[in-house]
Amino acid sequence: MCSKMAQVLWGCFLLWNLHISPAYSMYPGIKARATQRALDYGVQVGMEIIEQMVKKRDIPNLNGSESLEFLKVDYVNYNFTNIKINAFSFPNTSLAFVPGVGIRALTNHGTANISTDWEIKSPLFRDTGGADLFLSEVYFTGNVILTQNNFGHPILKLQDCHAQVSHADVSFSGELSVLYNSFAEPMEKPILKNINEMLCPMVTSEVEALNANLSMLEVITKIDNYTLLDYSLISSPDITENYIELYLKGVFYPLGNLTDPPFSSVPFVLPDRSDSMLYIGISEYFFKSASYAYFTAGAFNITLSTKEITDHLIRTSQGLGNMLSRIAELYILSQPFMVRVMATEPPLINLLPGNFTLDIPASIMILTQSKNSTAETIVSMDFVASTDVALVILGQRLICSLSLNRFRLSLPESNRSNIEVLRFENILSSILHFGILPLANAKLQQGLPLPNPHKISLVSDIEVLEGFLLISTDLKYETSLKQQPSFHGWESLNLISGQWRGKPAP
């Protein structure tokens with residue numbers, strides 16, 4: 001009986017393991033690691049942002065009732081309205097990683113100057129006026145937890161919040177300020193109690209408002225007329241004593257098709273470094289998915305007319321001035337012709353230390369175009385163009401450019417002795433070098449968006465490592481930029497809507 005039960009349990013375990021294995025086989029296409037240096041810089045920048053934010057915030061009214069025994073007054077009802085924070089200082093503020101939990105925020109010895117309107121009612125008098133409230137020994141601590149929802153949006157949670165103001169000094173202004181200031185001290189204690197009860201709910205409310213904005217972000221971004229890019233979070237971050245590491249899906253899709261590519265992502269590990277604020281690892285899978293998506297969308301099929309060849313190739317290369325006449329000599333052409341290049345397979349991506357290459361298997365055809373618009377193929381052959389990929393970061397985008405490394409024709413053995421066809425190798429190599437690649441590089445200049453925070457620019461170095469690209473960067477807060485806040489700083493992109501909005505990460 002026990003043996004049969006063990007078999008049943010073992011079978012259930014295997015079925016469960018098979019059921020969950022696809023989820024665990026999903027590795028990120030992009031990793032983003034923030035170090036303690038980023039948190040320290042975040043404190044500096046955060047104080048500026050918070051100062052701008054709190055001065056615009058509406059603070060809830062404070063009201064209550066106190067008895068003034070020394071004046072023989074049974075009660076004084078008070079109401080503070082139009083409360084504004086004019087200045088504050090948090091000299092001892094820090095952010096630190098809590099392994100496996102989140103980021104701990106801590107501040108103490110803070111101060112704040114607040115102005116307010118007030119109204120007082122009692123059996124003996126009733127009056128209104130203005131007042132200044134000085135808060136000191138402000139203390140706050142809490143853990144910020146970063147997770148993701150079902151759609152891959154980042155979600156923030158505040159845990160273990162504790163906030164306290166130890167001292168509050170009220171100073172009334174107006175004609176009767178001397179009178180009112182005489183009983184200000186008895187009112188400070190209940191005011192302090194009300195403020196302390198409000199602080200954590202206020203911070204929690206701000207976090208919830210931020211989450212509402214984060215949930216509206218589009219994590220699937222339209223790159224161009226061919227592809228989409230999925231930047232959704234695929235799991236909760238890893239948090240150690242020294243860094244927090246985020247995992248983004250980082251996969252391209254053909255426009256209108258959110259089917260994952262027919263190959264799997266593989267794990268990669270960022271090097272153990274802490275000299276920079278932020279490390280972004282872009283895996284080979286990211287680039288392979290881009291290659292597959294663009295190939296599927298037909299982006300690698302190019303046709304050049306006679307005019308385009310004349311205008312572009314001859315203008316960009318003195319050595320191609322006689323190219324058309326050489327082709328005419330070979331084939332005695334009297335009609336306009338076209339060059340058509342089509343990728344036969346997705347370009348092959350290869351990332352090795354210090355070396356990023358792209359091999360493009362394709363076919364090339366030279367066709368005549370007669371007056372009745374029918375096209376006749378003069379010559380057609382397959383080739384593989386091996387290109388080196390150069391990388392640079394401009395603004396918030398990763399820019400790639402291609403340069404021809406090798407050009408290999410794939411001819412049947414029976415055609416190897418055909419000198420007339422082999423003479424095309426140099427011509428076709430020139431067409432690629434001076435015609436096709438410059439056109440491709442012009443399109444690549446729009447670049448790929450990099451994940452980065454609002455108003456933060458990247459000061460970066462790029463390395464090609466085994467299987468992934470590593471961007472090591474410090475952050476620079478740009479106060480002059482006027483864009484609206486958005487996660488990853490994607491505000492400059494054309495984010496798509498409609499049927500893609502709110503799609504869960506696969």
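# Exercises: cavity, disulfide and salt bridges

The lining of the largest cavity is made up of seven nonpolar residues, one polar residue and no charged ones. You'll work with a predicted model, in which local features need pLDDT of at least 70, side-chain atom pairs count only at pLDDT 80 or more, and totals for chains, interfaces and linings use all residues. Residues are numbered from 1 along each chain as its sequence is written, and side-chain values use heavy atoms, with hydrogens and water left out.

**Exercise 1.** Find the residues that line the largest cavity and sort them by class.

*Solution.*
Step 1: get the terms straight. On a 1 Å grid over the protein atoms alone, a cavity is a set of points where a 1.4 Å probe fits but cannot get out, a pocket is an open set with protein on both sides within 12 Å along at least five of seven lines, and lining residues have an atom within 4 Å of a point.
Step 2: count. There is one cavity of 30 Å³ or more, and the largest cavity holds about 50 Å³ of space (probe spheres set on the points fill this volume, with points joined across faces, edges and corners).
Step 3: list the lining. Leu 62, Phe 80, Ile 83, Ile 114, Thr 116, Leu 133, Val 170 and Ile 191 do the job. Two elements, β3 (73–89) and β5 (102–121), each give two or more residues to this lining; strands (E, at least two residues) and helices (H or I, at least four) are DSSP runs numbered from the N terminus.
Step 4: sort. Ala, Val, Leu, Ile, Met, Phe, Trp, Tyr, Cys and Pro count as nonpolar, Asp, Glu, Lys and Arg as charged, and the others, Gly among them, as polar. That gives the seven nonpolar and one polar residue, with no charged ones.

**Exercise 2.** Work out which elements line the second largest pocket, and which one gives the largest share.

*Solution.*
Step 1: take the volume, which is about 920 Å³.
Step 2: look at the lining. It has 38 residues, and Tyr 294, Phe 300, Leu 402, Ala 440 and Leu 444 lie nearest the centre of the pocket. Two or more lining residues come from each of α5, β15 (337–343), β17 (355–369), β18 (375–394), β19 (397–410) and α9 (424–444).
Step 3: pick the top contributor. Helix α9 gives the largest share, seven residues.
Step 4: split by class. You get 31 nonpolar, five polar and two charged residues.

**Exercise 3.** Locate the disulfide and say how buried each of its cysteines is.

*Solution.*
Step 1: find the pair. The structure has one disulfide (cysteine sulfur atoms within 2.5 Å). It joins Cys 161 to Cys 200, with 2.1 Å from S to S.
Step 2: place the two ends. Cys 161 sits in strand β7 (residues 154–173) and Cys 200 in helix α4 (residues 184–214), so the link bridges distant parts of the chain, 39 residues apart.
Step 3: check the twist. The angle about the S-S bond is -95°, and the link of Cys 161 and Cys 200 is left-handed.
Step 4: check burial (buried is under 20% relative accessible area, exposed over 50%, partly exposed in between, using a 1.4 Å probe and protein chains only). Cys 161 is partly exposed at 25%, while Cys 200 is buried at 17%.

**Exercise 4.** Compare where the partners lie in three of the seven salt bridges.

*Solution.*
Step 1: recall the cut-off. A salt bridge puts a side-chain nitrogen of Lys or Arg within 4 Å of a carboxyl oxygen of Asp or Glu.
Step 2: take Glu 197 and Lys 193, whose closest N and O atoms are 2.7 Å apart. They're four residues apart in helix α4, so about one helical turn separates them. Glu 197 is partly exposed, at 48%.
Step 3: go to Lys 288 and Glu 284, which meet at 3.4 Å, N to O. Both belong to helix α5 (residues 284–296), four residues apart, about one turn. Lys 288 is partly exposed at 31%, but Glu 284 counts as buried at 15%.
Step 4: end with Lys 249 and Asp 260, also a salt bridge, at 3.4 Å from N to O. Lys 249 is in the loop between β11 (243–248) and β12 (251–254), and Asp 260 is in the loop between β12 and β13 (278–283), so this pair ties together parts eleven residues apart in sequence. Lys 249 is buried, with 4%, whereas Asp 260 is partly exposed, with 34%.
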